[in-house]
Amino acid sequence: MSVSQIHPTAIIAPGAIIGPGVSVGPYSVIGENVRVGSNTRIGSHCVIEGHTTIGPDNHFYGFCSIGGMPQDKKYAGEPTALEIGASNTFREFVTINTGTVQDIGTTRLGDDNWIMAYVHIAHDCQLGSHIVISNSVQLGGHIHIDDWAIIGGLSAIHQFVRIGAHTMIGGTSSVRQDVPPYMIGAGDSFRPVGINAEGLGRRGFTPADVQALKDAYKILYRRQLNMPQAIEALLDLQLQQPDQAPAVQTLVNFLQASSRGIARP
């Protein structure tokens, strides 16, 4: 079993649980309700506090602030939490807050996410896995981001927005409504321009899958249908192309669950 390496200037509260193989850099501070999984690397001048649980093999670069209290005036000191999965990378000056009792009380991140410098992840955000968030992206509270999404630098996401799986959001976008899965686009406000075909191909979607999703895009955005009509037409598309039905069903499920309305061209 590997031994943790703690710099002598680091401050580790007595109640903190530090797994084997963890390294903690100079002047970092770890609070008493923090659990750090094995082989996680914590750079210099990081602060990890709150009721925070971190899985194995994560890497926090210098000056990260993880598990701080929510930036919400309704917060009254409740013991809300932050949960981080495995093998995530957090570059310099990333900030992530714990949840609030107005939501489920826990901010969560999955596995293998790449979070670049100066990103802020606010209270109650729910992030999946394999997500890339570029420099200086700002996430408001209660945002959901599904697996494999990519968000370009300097973008701002409004609170309560949901970003679907395999989406690609261009830099400096302002996202105020839900972005359905598989979309690519940009802008202030964000406007989808098509299906993220290149990204889908890299992740094993077949040409037939991509074509089915392009057909779905036309149904959703080109046929001037209201949402119930579009969902019905997408269900018909599933019947016509049963081999591609799972990909289309993901889109249908997202549309049925959307509460803010979806971003439109």
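A residue is called buried here when its relative accessible area is under 20%, exposed when that area is over 50%, and partly exposed in between (1.4 Å probe, protein chains only). The structure is a predicted model, in which local features need pLDDT of at least 70 and side-chain atom pairs count only at pLDDT 80 or more, while totals for chains, interfaces and linings use all residues. Residues are numbered from 1 along each chain as its sequence is written, and side-chain values use heavy atoms, with hydrogens and water left out.

**Salt bridges**

Side chains of opposite charge can pair when their charged atoms come close. A salt bridge is taken as a side-chain nitrogen of Lys or Arg within 4 Å of a carboxyl oxygen of Asp or Glu. By this criterion the model holds six salt bridges, including those tabulated below.

| Pair | Closest N to O distance |
|---|---|
| Asp72 and Lys74 | 3.1 Å |
| Arg91 and Glu92 | 3.0 Å |
| Glu198 and Arg202 | 3.6 Å |

The surroundings of these pairs are as follows. Asp72, the partner of Lys74, is buried, at 14% relative accessibility. In the second pair, Arg91 is partly exposed at 24%, and Glu92 is likewise classed as partly exposed, at 25%. In the third pair, Glu198 is exposed, with a relative accessible area of 54%, and Arg202 is exposed at 68%. Helices (H or I, at least four residues) and strands (E, at least two) are DSSP runs, numbered from the N terminus. Glu198 and Arg202 are separated by about one helical turn, because they lie four residues apart in helix α1 (residues 197-202).

**A buried acid without a partner**

Asp209 belongs to helix α2 (residues 207-222). For charge assignment, Lys and Arg count as positive and Asp and Glu as negative, whereas His and the chain ends are not counted. Asp209 is buried but forms no salt bridge, and the nearest side chain of opposite charge, Arg203, is 12 Å away. Contact means heavy atoms within 4.5 Å. Leaving aside residues up to four places away in sequence, Asp209 touches Asp243 and Gln244.

**Cysteines**

A disulfide is a covalent bond between the sulfur atoms of two cysteines; the criterion applied is a pair of cysteine sulfur atoms within 2.5 Å. The structure holds zero disulfides. Cys46 is in none, and the nearest cysteine sulfur, that of Cys64, is 4.7 Å away. Cys46 is buried, with a relative accessible area of 1%. Cys125 is also buried, at 0%. Its sulfur is 16 Å from the closest cysteine sulfur, which is in Cys64, and this is too far for a bond.

**Backbone geometry**

Most residues other than glycine have a negative phi, and most peptide bonds are trans. The peptide bond from Asp188 to Ser189 is cis, with omega near 0 degrees. Ser189 lies in the loop between β27 (183-186) and β28 (191-195).

Tyr27, a residue other than glycine, has a positive phi near 65 degrees. This tyrosine is placed in the loop between β4 (23-24) and β5 (29-30), and Tyr27 is exposed, with a relative accessible area of 52%. His130, which is not a glycine, has a positive phi of about 60 degrees. His130 occupies the loop between β18 (126-127) and β19 (132-133) and is partly exposed, at 28% relative accessibility.

**A nonpolar patch and a buried threonine**

Patches are made of residues with over 30% relative accessible area and no salt bridge, like charges being joined within 9 Å and nonpolar side chains (Val, Leu, Ile, Met, Phe, Trp, Tyr) within 5 Å. Accessible areas come from the Shrake-Rupley method with a 1.4 Å probe, and for residues only the protein chains shown count as cover. Ile11, Val29 and Val47 make a nonpolar surface patch of about 210 Å². Ile11 is in strand β2 (residues 11-12) and is exposed, with a relative accessible area of 53%.

Thr98 is buried, at 2% relative accessibility, and lies in the loop between β14 (95-97) and β15 (106-109). The C-alpha atoms of Thr98 and His51 are separated by 7.7 Å, although the two residues are 47 apart along the chain. Not counting residues up to four places away in sequence, Thr98 touches several residues, among them Gly67, Met69, Thr80, Leu82, Thr107 and His123.
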